[in-house]
Amino acid sequence: MRPEDVRALALMLPGVEEGAHMGHPDFRIGGRIFATLWVDEERVVLKFPAEHQALVVETEPDLFDPVPGAWGRRGWTSLSLDGADEETLRSALLTAWRCLAPDALWD
């Protein structure tokens, strides 16, 4: 997958707006960031529930890695785009989006 794939898939989710955080494009719902795109590093950082972070890191350690330090302990997780397929990227974005999206948008 490529950075442009992240952008296209993230913006397909209801209520998502693109912004910028520390010089990186990000994707928000209700003004809150659920994904940040690191274009030069070809990775996306996603906000997951702790249980989901543990699951993806255990099952796909070549793709997912907790962000170092306190951010990672709060569920922020890197997904390497090199090697990720569309299904993995879609699922990861949807999981992060659901953490912040109001129930009314889930339909």
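Trainee: In E6, which residue is the bridge partner of Pro66?
Mentor: This is a predicted model. Strand E5 covers residues 64-66 and pairs with E6 in the antiparallel sense. Their pairing runs over 3 bridges. In E6, Pro66 has as its bridge partner Thr77.

Trainee: Which residue in E6 does Arg43 stand opposite?
Mentor: Strand E4, residues 43-47, is joined to E6 by 5 bridges. The two strands run antiparallel. Opposite Arg43 in E6 stands Ser80.

Trainee: How many residues of strand E6 are buried?
Mentor: E6 spans residues 76-80. The strand is largely enclosed by the rest of the structure, because most of its residues fall under the burial cut-off of 20% relative accessible area. The count is 4 of the 5 residues.

Trainee: Is Gln53 buried or exposed?
Mentor: Gln53 is found in helix H2, residues 50-59. Its contacts, not counting residues up to four places away in sequence, include Pro66 and Thr77. Phe48, Gly72, Gly75 and Trp76 are also touched by Gln53. Buried means under 20% relative accessible area. At 10% relative accessibility, Gln53 counts as buried.

Trainee: In E4, which residue is the bridge partner of Trp38?
Mentor: E3 and E4 run antiparallel, with 4 bridges joining them. They form a hairpin with 4 residues between the strands. In that turn, Glu42 has a positive phi of about 50 degrees. The partner of Trp38 in E4 is Arg43.

Trainee: Which residue takes a positive phi in the hairpin of E2 and E3?
Mentor: E2 and E3 pair in the antiparallel sense over 4 bridges. Ile29 stands opposite Arg32 in E3. The hairpin has 2 residues between the strands. The positive phi, near 60 degrees, belongs to Gly30.

Trainee: What phi does Met22 take in the hairpin of E1 and E2?
Mentor: E1 and E2 run antiparallel and are joined by 6 bridges. Glu18 stands opposite Phe27 in E2. The hairpin has 2 residues between the strands, and the phi of Met22 is positive, near 50 degrees.

Trainee: Within what arc do the buried residues of H1 fall, seen down its axis?
Mentor: In helix H1, residues 3-11, the buried residues are Pro3, Val6, Leu9 and Ala10. They line one face of the helix, because their arc, seen down the axis, is 130 degrees.

Trainee: Which helix do the buried residues of H1 pack against?
Mentor: Their partners include strands E1, E2, E3 and E4. A helix is in the list too, and that is H4.

Trainee: What distance does H4 reach from its first C-alpha to its last?
Mentor: H4 covers residues 86-100 and has 15 residues. Its buried residues include Leu89, Leu93 and Trp97. At 1.5 Å a residue, 21 Å is expected. The helix comes close to that, reaching 22 Å.

Trainee: What is the radius of gyration of the protein chain?
Mentor: The chain has 4 helices and 6 strands. For 107 residues the globule rule gives 13 Å, and the chain is close to that, so it is as compact as a globular protein of that length. The radius of gyration is 13 Å.

Trainee: What percentage of contacts in the chain, at a separation of 6 or more, joins residues 24 or more positions apart?
Mentor: Contact here means heavy atoms within 4.5 Å. Among contacts with a separation of 6 or more, the share from residues 24 or more positions apart is 49%.

Technical notes. Residues numbered from 1 in each chain as written. Predicted model: local features only at pLDDT ≥ 70, side-chain atom pairs only at ≥ 80, totals over all residues. Heavy atoms only, no water. Buried < 20%, exposed > 50% of the residue type's maximum accessible area, 1.4 Å probe, protein only. Pairing = 2+ DSSP bridges. Expected span 1.5 Å × (residues − 1). Rg over C-alpha atoms; globule rule 2.2 N^0.38 Å. Arc of directions from axis to C-beta.
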